[in-house]
Amino acid sequence: MELKDLRPAEGSTKNRKRVGRGPASGTGKTAGRGMNGQKSRAGGGKGAGFEGGQTPLARRLPKLPGFRNFNRVEYLPVNVSRLDAKFEAGDVVDGESLKAKGIIKHADALVKVLGDGEIAKALTVRVDKVSASAKAKIEAAGGKVEEPC
């Protein structure tokens, strides 16, 4: 057997019905749609998602998936490797200095220092939050962390 010998099984395929092609075809004139009514018209019918007049499912569900907690507090992440690259030894790291160095856009944004990378400079860090690993690295380098109460 070869590829050219493959054929569909007998009776499994049919020619599509050509409607509206004259009275001799059996489906001429009204093309099998009946005489009158919404479904006989071009573009007629209820449309996808119509549920008989009740509010469709797509309108009953919320617009966006998932749950958004409006009490959630978002912190801008800043890694210790970034602090090491941008600041000199003895500098104070706070919102104003982070904005001045171009690390964050707004000085009053909430910032959390994370412990990715290494730090070799003694810095005084005054931000909203500091991860445990970042705190250990900053203090090991001779710096100190001053978190707000």
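# Close-up views of a predicted model

**View 1. Contacts of S40 in the segment before α1.** The side chain of S40 comes within reach of the backbone oxygen of G37, at 2.7 Å. The model shown in this and the following views is predicted. A second partner of the S40 side chain is the side chain of R41, with which it makes a polar contact of 3.2 Å. S40 belongs to the segment before α1. Its relative accessible area is 17%, so S40 is classed as buried, the cut-off for that class being under 20%.

**View 2. The annotated span, residues 77-146.** An unreviewed UniProt entry places the annotation "domain: Large ribosomal subunit protein uL15/eL18" on residues 77-146. In the predicted model, the C-alpha atoms at the two ends of residues 77-146 are 17 Å apart. Helix accounts for 31% of the span and strand for 21%.

**View 3. The open sheet β1-β3-β5.** Three strands, in the order β1-β3-β5, make up an open sheet with parallel pairing. β1 and β5 are the edge strands; each has a single partner strand, so one side of each has no neighbour in the sheet. Strands of a sheet pair through backbone hydrogen bonds, in a parallel or an antiparallel sense. Four bridges connect strand β1 (residues 76-79) with β3, in the parallel sense. N79 is placed opposite L114 in β3. On the β5 side, β3 is joined to strand β5 (residues 129-130) by two bridges, and these strands also run parallel. Two cross-strand positions can be picked out here: K112 is opposite K129 in β5, and V113 is opposite V130 in β5.

**View 4. The two faces of strand β3.** In a regular strand the side chains alternate between the two faces of the sheet. For strand β3 (residues 111-114), V111 and V113 belong to the covered face. K112 and L114 belong to the uncovered face. The residues of this strand recur in the pairing of the previous view: L114 has N79 opposite, while V113 stands opposite V130 in β5.

**View 5. The open sheet β2-β4-β6.** A further open sheet has three strands in the order β2-β4-β6, paired in parallel. Its edge strands are β2 (92-93) and β6 (144-145), each of which pairs on one side only. Strand β4 (residues 124-125) is paired with β6 over two bridges, in the parallel sense. Across this pairing, T124 has K144 of β6 opposite.

**View 6. The salt-bridge network of R126, K144 and E146.** R126, K144 and E146 are connected in a network of salt bridges. Side chains of opposite charge can pair when their charged atoms come close. Within the network, the closest N and O atoms of R126 and E146 are 2.5 Å apart. This pair links distant parts of the chain, 20 residues apart: R126 is in the loop between β4 and β5, and E146 is in the segment after β6. The salt bridge between the side chains of E146 and K144 has an N to O distance of 3.6 Å. Partly exposed is the class of R126, at 41% relative accessibility. E146 is partly exposed with a relative accessible area of 29%, and K144 is partly exposed with a relative accessible area of 46%. K144 also appears in the sheet of the previous view, where K144 in β6 stands opposite T124. The model has six salt bridges by this count.

**View 7. Residues at the start of the chain.** M1, L3 and L6 make up a nonpolar patch on the surface. Together these residues have about 440 Å² of accessible area. M1 is located in the segment before α1 (57-60). With 85% relative accessibility, M1 is classed as exposed, because that class begins over 50%. A salt bridge joins the side chains of K4 and E2, with 3.7 Å from N to O. The two partners fall into separate accessibility classes: K4 is exposed, at 61% relative accessibility, whereas E2 is partly exposed, at 47%.

Methods. Residues are numbered from 1 along each chain as its sequence is written. This is a predicted model: local features need pLDDT of at least 70, side-chain atom pairs count only at pLDDT 80 or more; totals for chains, interfaces and linings use all residues. Side-chain values use heavy atoms; hydrogens and water are left out. UniProt positions are given in the numbering used here, feature names are shortened, and annotations may be inferred rather than shown by experiment. Two strands pair if DSSP finds at least two bridges between them. Buried means under 20% relative accessible area, exposed over 50%, partly exposed in between (1.4 Å probe, protein chains only). Patches are made of residues with over 30% relative accessible area and no salt bridge: like charges are joined within 9 Å, nonpolar side chains (Val, Leu, Ile, Met, Phe, Trp, Tyr) within 5 Å. Accessible areas come from the Shrake-Rupley method with a 1.4 Å probe; for residues, only the protein chains shown count as cover. A salt bridge is a side-chain nitrogen of Lys or Arg within 4 Å of a carboxyl oxygen of Asp or Glu. A polar contact is a pair of N or O atoms within 3.5 Å; within protein, one must be able to donate a hydrogen and the other to accept it, and residues adjacent in sequence count only if both atoms are side-chain atoms.
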